[in-house]
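Visitor: Hi! I have a structure open and would like to talk it through with you. Could you help me find my way around?

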Amino acid sequence: MCTLLYTILAGLAVLPLFLYLRNPYFVQDVRYTLTCLVIGLRLERVKKSKPLYTMLDCFLDRVKKHPFKKFIVFEDSSYTYRDVDRQSNRIARLLRQRAGLTEGDTVAVLMGNEPAYVYVWLALAKLGCAAALLNYNIRAKSLMQCFSCSGAKVLLTVAELRGAVDEVLPALREQSVSVFVLGQEEQAEQMTEGVKSLSSSMVQQASDLPLDPQLRSKATLKTPTLYIYTSGTTGLPKAAVINHERLTMAASMQAIAGVTGDDIVYVYLPLYHTAGFVMGLAGSIERGNTVVLRRKFSASQFWDDCRKYNVTVIQYIGEIMRYLCNTPKKDNDRQHKVRLALGNGIRADTWSEFLERFGDVRICECYGATEGNIGFLNYIGKVGAIGRENFLHKAGFPYALIQYDTEREEPVRNSRGFCVRVPTGETGLLVAKISQRTPFSGYAKSPQQTDKKKLKDAFVKGDQYFNSGDLLRIDHEGFVYFMDRIGDTFRWKGENVATTEVCDHLIMVECIEEANVYGVKVPGHEGRIGMAALKLKENAEFDSKATYEHVKSSLPSYARPRFIRIQNSLDVTGTYKQMKVKLAAEGFEPSTIRDQLFYLEDNTGYIPMTQEIYNSIRDGKLRL
Ligand SMILES: *[C@@H]1O[C@H](CO)[C@@H](O)[C@H](O)[C@H]1NC(C)=O
């Protein structure tokens, strides 16, 4: 009896050692699992609460709890939770009165990062309206396309972006859209028909009393509250539907990563993207902390800002971390209070360099698509990984990596017609089961595109999986690595570029008959830069000037093809799909490619590609 007890006790004593030997991340795994459990239970409670508890209600609770706490710090001003609440009340009243907004309407917002962005969003939420967050870099046809697919009847912008709106005004008028310009003086209203002002004085004169919650009483968990644009992995930009359920869930990311209410979060990523808006802004509301908002990223100002505002949490995309590492070294590189960096896409070498240079910052890589129903988080800080498998996560969010045929551009099916899981350690396409708990809310006004992202009959007849379009690898320790992105999109400078959209613009140039756009890897850079293979019209020469002018006026800089390759005919697959994989692999080295190549030089245009240019790019002397 005694011996038995002794054995058990000894066994218990060595148990931690045993667990540690089997899994050196045991403690972190347990802590993470517990955090997820707590947050998961809280989310379940929120989801079941009646009346519906939205992100706005969460904000109003924070206002009640700490009205005088700083919520937004912007340039040299700061705004408390109460300031922001009152200002959004004013704008809500003005919008209700001038635009006649009522519950269920959608308003497209075309604005840069500034406190008013937050007021406007909260104002719309107070009226029960959804906000479609337009990318302010897009112009003309793309802008109209994005606007139209949200179903909005009102466009809200700011005086600085009037130019972009004026360009599409005739098209907007045709669809009887009303345009409101925040910060535009009232006199300007008479000048252009259909463009109304929301001037500062009008805002200040409006009442700041709270709005009646009845105005937004019809919403359910499934009611759309935001539309965030994504080119996903196929085709033109689409508006991913973010309903209340999704926003609440996604806003818990800061909490999962260990951000607290005392943190000061630096938000400089554009608020029209998920990272800035949902993870940054909404996440901070959920935590009740302070947001240091910045108009735009600046590598030279980054750490000065962090020091000036006592920032403790930063967000990043991979490129940003490299830009920071590329700045000249300074003595005060390690003087800051940043303890956590939350983001996606940092390369392993940049990761190590960043830590070495800027000190002990916990880098928390996360993976997730705006419209996706699956995410990963690398809570261990394992360099290079985007996440870690966790049994709880796996049970709650079933997913699989499946074999993918890159030439035929579709998942491999076995003899019974089902998808095939890749063995551990091998690269496969990430698919995630669509279920009640893990819904895929799809794209606004685009059932076809929504359907395209669904993989049906993957493992059993009748099942449905979300096709992430991303190739991942999971190693034997359970770490998840991002390998590549497939399909009609590539990523450059943190933006997804839809190849079909770039194609559509290229073929509008007189000399171009056909275009095939793809992304090529550049040494020392994340993502892929744009390249186009062109077939010219018969007897036509490549008109570098016209191409440059068109590309410059119609595409944001990150989407412009940096390299052009002239071909006599464009390769297509057996099913007449354009071959991209082979071209992308061939890249842009003049010594190995016999076709004529052009390079887009900033502020000049397309010039013939030379070996010198290639070498400068390869050696990092020429920055792209
Ligand atoms: C930052 O922290 C320091 C020391 O804790 C404090 O003296 C300073 O006022 C803070 N700055 C801001 C902008 O809050």
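Guide: Happy to! One term before we start: the expected span of a helix is 1.5 Å times one less than its number of residues. Also keep in mind that this is a predicted model.

Visitor: Good, let's use that. How many residues does helix 2 have, and how far does it reach?

Guide: Helix 2 covers residues 26-48, which makes 23 residues. From its first C-alpha to its last it reaches 33 Å, close to the expected 33 Å.

Visitor: Which residues of helix 2 are buried?

Guide: Those are D29, Y32, T33, C36, I39, L43, V46 and K47.

Visitor: And what do they pack against?

Guide: The buried residues of helix 2 pack against three helices, namely helix 9 (244-250), helix 10 (253-256) and helix 15 (391-396), and also against strand 15 (375-378) and strand 16 (387-388).

Visitor: What's up with the peptide bond from K50 to P51?

Guide: That bond is cis, with omega near -5°. P51 sits in the loop between helix 2 and helix 3 (55-65).

Visitor: Let's switch to helix 7. Where does it kink?

Guide: At V168, by about 60°. The proline P170 comes shortly after that point.

Visitor: How far does helix 7 reach from end to end?

Guide: It has 13 residues, 162-174, and goes 18 Å from its first C-alpha to its last. That is close to the 18 Å expected.

Visitor: Which of its residues are buried, and what do they pack against?

Guide: R162, A164, V165, V168, L169 and L172 are the buried ones in helix 7. They pack against helix 6 (140-150) and against four strands: strand 3 (106-110), strand 5 (154-158), strand 6 (178-182) and strand 7 (195-198).

Visitor: What does L172 touch?

Guide: Leaving out residues up to four places away in sequence, L172 touches M144, F147, L155, V165, V177 and V179. L172 is also one of the residues that touch the most other members of the largest nonpolar core, along with F71, W121 and L155. That core has 103 residues, and its largest share, ten residues, comes from helix 5 (residues 115-126).

Visitor: What about a second core?

Guide: There is a separate one of 44 residues, which includes L534, F542, V551 and Y606.

Visitor: Back to the end of helix 7. What follows it?

Guide: S176 does, and its phi is positive, near 40°, although S176 is not a glycine. It lies in the loop between helix 7 and strand 6.

Visitor: Is S176 buried or exposed?

Guide: S176 counts as exposed, because its relative accessibility is 59%. Another non-glycine residue with a positive phi is N310, near 55°. N310 is in the loop between helix 12 (302-308) and strand 12 (313-317), and its relative accessible area of 36% makes it partly exposed.

Visitor: How many disulfides are there?

Guide: Zero. C149 is in no disulfide, and the nearest cysteine sulfur, that of C146, is 5.6 Å away. A disulfide needs the two sulfur atoms within 2.5 Å. C149 counts as buried, at 14% relative accessibility.

Visitor: Why is C325 not bonded to C306?

Guide: The C325 sulfur is 14 Å from that of C306, its closest cysteine sulfur, so they are too far apart for a bond. At 7% relative accessibility, C325 counts as buried.

Visitor: Last stop, strand 27. How well covered is it?

Guide: Strand 27 (residues 529-536) is mostly covered, with eight of its eight residues buried. I529, M531, A533 and K535 lie on one side, and G530, A532, L534 and L536 on the other.

Visitor: Which strands does it pair with?

Guide: Strand 26 (residues 512-520) pairs with strand 27 in the antiparallel sense over eight bridges, and A515 stands opposite L534. Strand 28 (residues 563-566) runs parallel to strand 27, joined by four bridges. There, I564 is the bridge partner of A532.

Visitor: And what does E514 touch?

Guide: E514, found in strand 26, touches I507, A533, L534, K535 and L570, not counting residues up to four places away in sequence. The C-alpha atoms of E514 and A533 are separated by 8.4 Å, although the two are 19 residues apart along the chain. E514 counts as partly exposed, at 32% relative accessibility.

Key:
Residues numbered from 1 in each chain as written. Predicted model: local features only at pLDDT ≥ 70, side-chain atom pairs only at ≥ 80, totals over all residues. Heavy atoms only, no water. Helix = DSSP H or I, 4+ residues; strand = E, 2+ residues; numbered from the N terminus. Bend = angle between axes of the 7 residues up to and from the residue. Buried < 20%, exposed > 50% of the residue type's maximum accessible area, 1.4 Å probe, protein only. Contact = heavy atoms within 4.5 Å. Core = buried A, V, L, I, M, F, W, Y, C linked by side-chain atoms within 4.5 Å. Pairing = 2+ DSSP bridges.
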